[in-house]
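Trainee: I would like to learn how to read the pockets of a structure and the surroundings of a ligand. Could we go through them together?

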Amino acid sequence: MTDKILKNIVILTGAGISAESGIPVFRSESGLWEHERIEDVCVPEALQRNPQKVHAFYNKMRRSLADKKPNDAHLAVAKLQHEWPHVSGGSVTLVTQNIDDLHEKAGSVEVIHMHGALLSARCEFCGASWCQNKDTSPGQPCPKCGKIGGVRPDIVFFEEMPHDMELIERALAKCDLFLAVGTSGVVYPAAGFCRFAKNVGATCLEFNLDKSAVASDFDSGFYGKASETLPKFVDALLSGNKVTSLF
Ligand code: APR
């Protein structure tokens, strides 16, 4: 593989990047989806059938964020976002499937939360969304349109369209390097981003404990804790190393 000039980077993160900060992943023996039924808390019908349960579930998760701190992998992502434009003149687009706020706590800017965010709520009637630090409830009026019954956590449920897909596809279309960190590669459309990036000629690398379900789509992978593998990679990239010498 020849070394090309790298400018634009897209980073996709998943639950694995926050695991070392004490937030459980979705798919593992002790994962969230082993303890909860997706159809009870993460599909549109659940919100209609039992809104109290759905609000309570996300209220508990939102409250649990208060004492969570970013780890070295989040900090490495933020460092790359801040320093890469000065080193290369290019950009770093950060797309996360995570609904936690650890990228923001690490100092990242313009985080694209494609699956929504716990610290946000929205109204199904008027489409408004706003910052939400406190609990939500089904009877709460929308602060924008005033209607009752449409406020929900700003979480993208299964069967719903992820946020900001046009923005993400525009970034992927001009990316030279695609990094996937701590994601199992089983939930689309995110699992298909590597193929998209490959098709436009990007080098694609994954960082995971083990090979993901789409590992064969990547040029290479760094296997181990993201808090260890990612900071080393970021430092090497920022020091001017050619990307092909890093894997
Ligand atoms: N470092 C790197 N990778 C890790 C670490 C770690 N310390 N710990 C776990 N991982 C990896 C696991 O090996 C696994 O591949 O993180 C991945 C987590 O996978 P999932 O639990 O499936 O999380 P994710 O890929 O983010 O899920 C995607 O599914 O349920 C939906 O909406 C939810 O956004 C979520 C989406």
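Trainee: By class, how many nonpolar, polar and charged residues does the shell around the ligand have?

Mentor: Happy to help! Keep in mind that this is a predicted model. To read a shell, we sort its residues by class. Here the shell holds nine nonpolar, nine polar and three charged residues.

Trainee: Which residues come nearest to the ligand?

Mentor: A residue joins the shell if one of its heavy atoms lies within 4 Å of the ligand. In this case there are 21 residues around the ligand, and Arg27, Trp33, Thr183, Ser184 and Asn208 come nearest. Looking at the elements, α1 gives the largest share of the shell, three residues.

Trainee: Which N or O atoms of the protein lie 2.8 Å, 3.2 Å and 2.5 Å from the ligand?

Mentor: For polar contacts we look for pairs of N or O atoms within 3.5 Å. Let us take them one by one:
- The side chain of Glu20 has an N or O atom 2.8 Å from a nitrogen atom of the ligand.
- Gly182 uses a backbone N or O atom, at 3.2 Å from an oxygen atom of the ligand.
- In the side chain of Ser184, an N or O atom is 2.5 Å from an oxygen atom of the ligand.

As for cover, the ligand on its own has 740 Å² of accessible area, and the protein covers 91% of that area.

Trainee: Where does the ligand sit?

Mentor: Look for it in the largest pocket. That pocket holds about 830 Å³ of space. Its lining has 44 residues, and those closest to the centre are Gly14, Ala15, Phe26, Arg27 and Ser184. The elements that give two or more residues to this lining are α1 (15–19), α2 (32–35), α5 (51–64) and β8 (203–208).

Trainee: How many residues of each class does the lining of the largest pocket have?

Mentor: The lining of the largest pocket counts 25 nonpolar, twelve polar and seven charged residues.

Trainee: And what lines the second largest pocket?

Mentor: We can read this pocket in the same steps. The second largest pocket has about 450 Å³ of space. It is lined by 21 residues, with Pro24, Leu32, Lys60, Met61 and Ser64 nearest its centre. Both α1 and α5 supply at least two residues of this lining, and α5 gives the most, with six residues.

Trainee: How do the residues of that lining divide by class?

Mentor: In the lining of the second largest pocket, twelve are nonpolar, four polar and five charged.

Terms used. Residues are numbered from 1 along each chain as its sequence is written. This is a predicted model: local features need pLDDT of at least 70, side-chain atom pairs count only at pLDDT 80 or more; totals for chains, interfaces and linings use all residues. Side-chain values use heavy atoms; hydrogens and water are left out. On a 1 Å grid over the protein atoms alone, a cavity is a set of points where a 1.4 Å probe fits but cannot get out, and a pocket is an open set with protein on both sides within 12 Å along at least five of seven lines; lining residues have an atom within 4 Å of a point. Grid points are joined across faces, edges and corners, and a volume is the space filled by probe spheres set on the points. Helices (H or I, at least four residues) and strands (E, at least two) are DSSP runs, numbered from the N terminus. Ala, Val, Leu, Ile, Met, Phe, Trp, Tyr, Cys and Pro count as nonpolar, Asp, Glu, Lys and Arg as charged, and the others, Gly among them, as polar. A polar contact is a pair of N or O atoms within 3.5 Å; within protein, one must be able to donate a hydrogen and the other to accept it, and residues adjacent in sequence count only if both atoms are side-chain atoms. Accessible areas come from the Shrake-Rupley method with a 1.4 Å probe; for residues, only the protein chains shown count as cover. A molecule sits in a cavity or pocket if more than half of its atoms lie within 2 Å of its grid points.
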